[in-house]
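Colleague: Could you pick one part of this model and go through it closely? I would like to follow it from its outline down to single residues.

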Amino acid sequence: MQVTRRSLLRTLAAGSAALAAGTVPMRPEPAYSRPLGPVIAPVSGETVRLDLIAAERQLSLPCFAGRRLPLWTFTDAALPPVVRLRLGDRLVARVENRLPRAGEHISIHWHGIRLPNDQDGVAWLTQDPIEPGEAFDYAFTPPDTGTFFFHTHCNTVEQLGRGLAGILIVEGDETEPYDAEEVLVLRDWRVGDAGFLPFMTDEGASRAGSFGPIRSANGAPAASFRLPASADVRIRVLNVDASRLLSLGVEGAEAAVVAIDGIAVPPFPLKAWTMGPAMRADIVLRTPPEGGTARLVDYRPAKPFLLAAISTAGPPRRTGAFDPAPLRAARIAEPDLGRAERLPLTLSTTATADAVSAALEGPAGGIDDLCLSDRTFWALNKAAWPADGHRRLPPPLMVLRKGGSYVIEIANTTRQIHPMHLHGLTFKVLRSNKRDLPVHHADTVLLLPKERLEVAFVADNPGDWMIHCHLIEHQETGMMGYLRVA
Ligand code: C2O
Ligand code: CU
């Protein structure tokens, strides 16, 4: 980080506070000055209609180097549609299934939206699947502003793997307008020389997931944004990959995280923010002066990987130190931590996963001898989602009282990382035994190997809500269940 005189002064002030509290700051941080904006009541009240037609389309993207691939998409474009609403708008979406494969049913899950249970899009749990040739109408009014996305919820490893996803943005959270906005959608493609690779592999499903050999940012090897100079720019970053974890950082500019999973957080400096599958981060970046460049990168590979190249033009929009405008606070009920009931959620492998991992670590060939017919590698509270679970639903993992405050103590007993996602309720991440995380709202949270983490929420949305790993191969090999709020 570049130390300017101004940031040094702020740093010293922050440092003396830390010293007074008995800790010595390892790395001085700039402090931003402004609190979250007041909550805003839904305005608008308009209806936004959306037509989605899931079908196979031969399409190309810059990251495919000129090739066309049989993508599954919701529109005629290869990139996911970006749907924008204003807070208070009602979304009315007609979804038609025209997928070419018999029995390839769909439903749409509106990831991160606290909506009525019957709109949540989980086949058999909240609705009948939409079979090929059928259509379904969704209608709901999102209660929160932010950066969300939507995807199907069965055979997701292939359906998402072939492209079926969309971006959903609910506007109205800015306390003052930023100078520009971009959306950065990150994902890999399981594509080799002969087309799509198998979307699920035993090695991937039992370990860290099957990665796509082709990485993409907005459909290109890297995105490029031409932005106003010396400006405060909002970038909505979404990791919609089925497996990949990335560590978002910035080079050549200052940037702050202002929202996580769509929900405002007091701005904090962006250094290396880890984003698992399905996680989103909104950042505000002060662009360089005219002619300058900056880069968004993934610090996870040995060498920083370029996600987006930023160039600037025009007169400077801002002078003075970078002090990003915060977003408006969300209207999410505050859990009563003093009276909250505490419930454990333990992530574990099944015996099969241990055997597969051992076989994979041993001499080549061992895996073929194992019986993996049920392909169940993962469990929640010792229960793996049954192979035909959607037809014969297992009992809920927990039954919660409507309106009650809960703290879920999530413990990862495995050697893999799991992005755990809860439908229908936005939780507050309180603390981890391994990381110094800001307290923040989220709908998906990473559990590092052997990490224990506490999340809290008010169970104010009745229904059956899936809770599962969003590393899709883990989800589809057992790591899913549901909570009942009644
Ligand atoms: Cu985005 Cu049940 O998931
Ligand atoms: Cu997982």
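Modeller: In this predicted model, 5 strands (DSSP runs of E, at least two residues, numbered from the N terminus) make up an open sheet with mixed pairing, ordered S13-S21-S20-S15-S18. Its edges are strand S13 (223-228) and strand S18 (273-275), each of which pairs on one side only; pairing requires at least two DSSP bridges between two strands. Ignoring direction, neighbouring strands are turned against each other by 25° on average, with axes fitted to C-alpha atoms and angles running from 0 to 180 degrees.

Within the sheet, strand S15 (residues 246-251) pairs with strand S20 (residues 293-298) in the antiparallel sense, over 4 bridges. Val250 faces Leu296 of S20 across this pairing.

Leu296 also leads into the largest nonpolar core, which has 109 residues. Such a core is a set of buried Ala, Val, Leu, Ile, Met, Phe, Trp, Tyr and Cys residues joined through side-chain atoms within 4.5 Å, where buried means under 20% relative accessible area with a 1.4 Å probe, protein chains only. The residues with the most contacts inside this core are Leu296, Trp110, Leu184, Ile235 and Phe457. Strand S1 (residues 47-60) gives the most to it, with 4 residues.

Leaving out residues up to four places away in sequence, Ile235 touches (heavy atoms within 4.5 Å) Leu296 and Leu184, and also, among others, Phe225, Ile283 and Ile310. A separate core of 10 residues includes Tyr178 and Phe322.

Residues are numbered from 1 along each chain as written, while chains are lettered from A and ligands numbered from 1 in written order. Local features need pLDDT of at least 70 and side-chain atom pairs 80 or more, totals for chains, interfaces and linings use all residues, and side-chain values use heavy atoms, without hydrogens or water.

Note on methods
Buried < 20%, exposed > 50% of the residue type's maximum accessible area, 1.4 Å probe, protein only.
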